[in-house]
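Let's walk through this structure together, starting from the ligand and moving outward to the helices and loops. Keep the 3D view open as you read.

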Amino acid sequence: MYGFVGFRVYRTVMHRESFCFPLRTGVSKSRFISSFNDTRSRASRYSTMSEHIKCLIIGSGPAGYTAAIYAARANMAPVMYMGLQPGGQLTITNDVENFPGYPDGIMGPEMMEDLKKQATRFGTDIRYGIATAVDFSVTPRRVTIDEIIELTADAVIIATGASAKWLGLPSEAKLNGSGVSACAVCDGFFYRGQEVAIVGAGDTAAEEATYLANLASKVTMIVRKSEMKASRIMQKRVLENPKIEVLFDTVTDEILGEHSVEGVRVKNLLTHETREIPLTGFFVAIGHEPNSKIFQPYLHHDEQGYLKTIPGSSKTNIDGVFACGDVQDYTYRQAVTAAGSGCMAALDAERYLAALGIH
Ligand SMILES: Cc1cc2nc3c(=O)[nH]c(=O)nc-3n(C[C@H](O)[C@H](O)[C@H](O)COP(=O)(O)OP(=O)(O)OC[C@H]3O[C@@H](n4cnc5c(N)ncnc54)[C@H](O)[C@@H]3O)c2cc1C
């Protein structure tokens with residue numbers, strides 16, 4: 001039906017994700033890339049490497065690791081490919097205080113190491129590599145890793161997450177995790193009684209500004225255009241909130257601070273005037289991009305690219321292909337919801353394989 005669909009690893013993935021690579025992950029970027037290159041050169045020595053896998057998990061965030069724990073304990077011999085961000089989004093944050101079971105909170109990278117250990121303990125085969133193409137029109141399903149390794153799989157669990165969009169300022173990358181965040185629900189609590197800013201103009205930005213206003217002493221909302229994109233009701237909530245000041249026609253020139261956020265310099269696009277606002281938290285809410293491009297020709301998805309699953313399950317429109325975590329969740333995007341849906345995906349995959357008599 002469709003040809004083999006994929007993308008060029010270096011040209012697209014590396015470029016798009018390079019500046020937000022986890023700064024505090026257990027694996028350094030250079031070590032990861034060199035291992036990635038090793039895989040490529042090792043693979044290129046053989047014209048094609050191929051392997052059949054019972055349960056393939058794509059992605060190593062909370063959804064992927066939870067799916068792996070359940071699949072390994074159900075004797076499904078799961079193989080996981082970690083992608084360009086081993087451990088997923090939590091590796092770029094410091095304190096995680098809302099994941100159940102950690103009463104004192106935990107560092108994001110440490111929590112992901114714990115999940116990895118737990119998945120390994122039950123026998124998950126965890127590998128470096130990026131899924132670069134798939135063919136879901138054939139059975140068993142075909143997946144290419146790093147453009148070279150050909151896999152077939154009886155069940156495929158997609159847990160590739162969604163990447164936050166960033167402004168692209170060097171100061172934003174430098175202070176990421178030290179006052180700069182792309183998740184108000186996750187990190188807003190750390191700024192109780194302090195002044196913060198949020199960039200964005202859509203419904204999510206409006207919702208997050210209102211959320212932050214319940215915690216912070218003041219929220220400055222930076223909006224590039226002369227009006228917000230958010231729905232009327234959300235705009236009204238923002239504009240009527242005495243703790244939120246909206247700066248229209250304004251962009252972020254620089255986030256200020258050496259080791260943590262101390263302020264922001266903004267520029268008015270009409271007057272070209274700049275001014276500095278002292279604050280301690282800077283939130284970016286300009287959207288997320290689900291990592292679903294290679295799957296989109298086969299799987300139902302919404303206009304933003306979030307994969308659609310059959311309600312109450314992790315099943316996609318293709319038998320034997322399951323989706324979990326942020327790649328299929330526009331609404332909640334939290335580690336605990338990702339983990340919960342990872343559990344669902346493994347259980348759905350186990351029942352699917354059992355029904356086919358694949359043991
Ligand atoms: C700054 C920040 C702070 C946050 N803080 C919190 C918090 O305190 N509490 C909370 O609950 N949530 C928090 N979140 C949200 C949370 O991180 C996500 O909801 C969660 O990580 C989603 O898990 P996931 O497994 O779906 O995807 P992700 O964690 O995004 O992981 C996706 C995985 O897929 C891999 N991948 C992508 N494409 C491919 C491919 N083609 N081939 C192979 N692998 C691929 C990536 O390498 C990665 O390992 C935060 C998010 C951010 C950005």
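A good place to begin is the shell around the ligand, whose residues divide into 21 nonpolar, 16 polar and three charged. Please bear in mind as you look that this is a predicted model. Of the 40 residues around the ligand, the ones that come nearest are G61, G83, G88, G161 and G325. Three elements give two or more residues to this shell: α3 (62–73), α6 (184–187) and α9 (335–356).

Where does the ligand lie with respect to domain 1 and domain 2? Domain 1 covers 5–164 + 288–356 and domain 2 covers 170–284; both give residues to the shell, so the ligand lies between them.

Now let's turn to the helices. Two packed helices are described by the angle between their axes and the distance between the axes. With that in mind, start from α3, which you have just met at the ligand. Its packing with helix α4 (residues 108–121) has an angle of about 20 degrees, and the axes of α3 and α4 are 8 Å apart. Angles under 35 degrees count as roughly parallel, so α3 is roughly parallel to α4. The crossing of these two helices, α3 and α4, is left-handed. If you would like to pick out the contact on screen, select P62, Y65, A68, I69 and A72 on α3, together with L115, K116, Q118 and A119 on α4. Sorted by class, this contact of α3 with α4 has seven nonpolar, one polar and one charged residues.

α3 also packs with α9, at an angle of about 40 degrees and with the axes 7 Å apart. Here the crossing, that of α3 and α9, is right-handed. On the α3 side the contact is made by P62, A63, G64, T66, A67, Y70 and A71. Facing them, α9 brings A335, A338, A339, S341, G342, C343, A345, A346, L347, A349 and E350. By class, the contact of α3 with α9 has 13 nonpolar, four polar and one charged residues.

Another helix pair deserves a visit: helix α7 (residues 203–213) and helix α8 (residues 232–239). Their axes come within 9 Å and cross at roughly 30 degrees, and the crossing of α7 and α8 is left-handed. In this contact, D203, A206, E207, A209 and T210 of α7 meet M234, Q235, R237 and V238 of α8. The class count for α7 with α8 is four nonpolar, two polar and three charged residues.

Finally, let's look at the backbone in two loops. The loop between β7 (131–135) and β8 (141–145) holds P140, and the peptide bond from T139 to P140 is cis, with omega near -5 degrees. Further along, D146 lies in the loop between β8 and β9 (149–158). D146 is not a glycine, yet it has a positive phi of about 50 degrees.

How values were computed: Residues are numbered from 1 along each chain as its sequence is written. This is a predicted model: local features need pLDDT of at least 70, side-chain atom pairs count only at pLDDT 80 or more; totals for chains, interfaces and linings use all residues. A residue is near a molecule or strand if its C-beta atom, placed from the backbone, lies within 6 Å of it. Helices (H or I, at least four residues) and strands (E, at least two) are DSSP runs, numbered from the N terminus. Ala, Val, Leu, Ile, Met, Phe, Trp, Tyr, Cys and Pro count as nonpolar, Asp, Glu, Lys and Arg as charged, and the others, Gly among them, as polar. Domain bounds come from an automatic or database domain assignment. Axes are lines fitted to C-alpha atoms, for helices over the stretch in contact, and angles run from 0 to 180 degrees between N-to-C directions. Angles under 35 degrees count as roughly parallel, over 145 as roughly antiparallel, 65 to 115 as roughly perpendicular and the rest as oblique. A crossing is left-handed if the near helix is turned anticlockwise from the far one by less than a right angle, and right-handed if clockwise. Two residues are in contact if their C-beta atoms, placed from the backbone, lie within 7 Å.
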